Protein chains: 2
Amino acid sequence: MRAEALKGHLDGLILATLANRPAHGYAIAQTLRERSDGAFDLPEGTLYPALHRLERAGLISSEWSTEAGRRRRTYSLTRSGGRALGERRHEWKLFATAVEAVLA
Amino acid sequence: MRAEALKGHLDGLILATLANRPAHGYAIAQTLRERSDGAFDLPEGTLYPALHRLERAGLISSEWSTEAGRRRRTYSLTRSGGRALGERRHEWKLFATAVEAVLA
DNA sequence: AATCTATACATCGTATTGCTATGTGTCAAG
DNA sequence: CTTGACACATAGCAATACGATGTATAGATT
């Protein structure tokens, strides 16, 4: 997968992952890898800045916790993030339809 | 349509447009707008640099001509560009499938 | 005991890329 | 003679994914 393909779509994927339940960064990466059947295997330098960006934007919120000696930052979708996810899903449909109309 | 959504996918769209027949920049923009039902309305600052980029990469080639006083640069898909288009189409399928598996 | 692997987070610097704004110039319509 | 469509070009900007690197704990392996 070329790096640029993901640009502009990562935020929606992260929000969608958090829509089911809150999760910490590492778990988000695992879920994304599983749900995408290995297609999305995010390096740390991609994931953590994206999470910080989403939190700055108010779409997710975080809380520190410690479990078995490991510190975790657990992220949850905010109400605003839920709305944003809806928009992203809608936008994706429009985008995918348009791309397929051209590529086909 | 958010600007970042297109990133990394524009090249494939341009290549696909040229797969039918050679065309000049302005015509490519028109075709893209029509085929995408208005979703892709490329500003010049997006289209022309992209064409130069594709030509530098050897995926398209160009020729100057003049028609009715207007100079045109007509672009054609190269053999290498044809192969690249195939790859992009394949990559798109993988990408779209993965995104839908996560967003759904 | 030492090393490796997985877990877990963080950030600096870089490359890529699409867009805005601006500039050049032709031609037809009003 | 001004507006709009046609036609191309580029400088500067903003956004973002990634590679590399660093910190730290826990369990398994050697």
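**View 1. Arg73(B) and its neighbours at DNA strand D.** An N or O atom in the side chain of Arg73(B) lies 2.7 Å from a phosphate oxygen of DNA strand D, in a model that is predicted. This is a polar contact, that is, a pair of N or O atoms within 3.5 Å; within protein, one must be able to donate a hydrogen and the other to accept it, and residues adjacent in sequence count only if both atoms are side-chain atoms. Arg72(B) also places a polar side-chain atom 2.3 Å from a phosphate oxygen of this strand. In the side chain of Glu4(B), an N or O atom is 3.4 Å from a sugar or linking oxygen of DNA strand D. Two or more residues of the surface near the strand come from each of these elements: helix 1 (3-6) and helix 4 of chain A, and helix 3 (25-35), helix 4 and strand 3 (70-77) of chain B. Helices (H or I, at least four residues) and strands (E, at least two) are DSSP runs, numbered from the N terminus.

**View 2. The whole surface near DNA strand D.** A residue is near a strand if one of its heavy atoms lies within 4 Å of it. There are 28 residues around DNA strand D, and Thr46(A), Arg53(A), Tyr26(B), Arg72(B) and Arg73(B) come nearest. Helix 4 of chain B gives the most to this surface, with 5 residues. Sugar or phosphate accounts for 76% of the strand D atoms within 4 Å of the protein, and bases for the rest.

**View 3. The surface near DNA strand C.** Around DNA strand C there are 29 residues, of which Tyr26(A), Arg72(A), Arg73(A), Thr46(B) and Arg53(B) come nearest. Of the strand C atoms within 4 Å of the protein, 74% belong to sugar or phosphate and the rest to bases. Gly25(A) has a backbone N or O atom 3.2 Å from a phosphate oxygen of the strand. The side chain of Thr46(B) has an N or O atom 2.2 Å from a phosphate oxygen of DNA strand C, whereas for the side chain of Lys7(B) the partner is a base oxygen, at 3.0 Å.

**View 4. The two protein copies.** A turn of 180 degrees and a shift of 0.0 Å along the axis lay chain B on chain A with an RMSD of 0.1 Å. The two copies are thus related as by a two-fold rotation axis. In chain B, the C-alpha of Lys7(B) is nearest the axis, at 3.0 Å. The superposition is by least squares on the C-alpha atoms of residues with pLDDT of at least 70 in both copies.

**View 5. Ser36(A) beside chain B.** Ser36(A) sits in the loop between helix 3 and helix 4 of chain A. Its relative accessibility is 6%, so Ser36(A) counts as buried (under 20% relative accessible area; exposed is over 50%, partly exposed in between; 1.4 Å probe, protein chains only). A polar atom of the Ser36(A) side chain lies 3.4 Å from the backbone oxygen of Arg33(A). Apart from neighbours within four places in sequence, Ser36(A) is in contact (heavy atoms within 4.5 Å) with Ala98(B) and Val102(B).

**Notes.** Residues are numbered from 1 along each chain as its sequence is written, and chains are lettered from A and ligands numbered from 1 in the order in which they are written. Local features need pLDDT of at least 70, side-chain atom pairs count only at pLDDT 80 or more, and totals for chains, interfaces and linings use all residues, while side-chain values use heavy atoms, with hydrogens and water left out.
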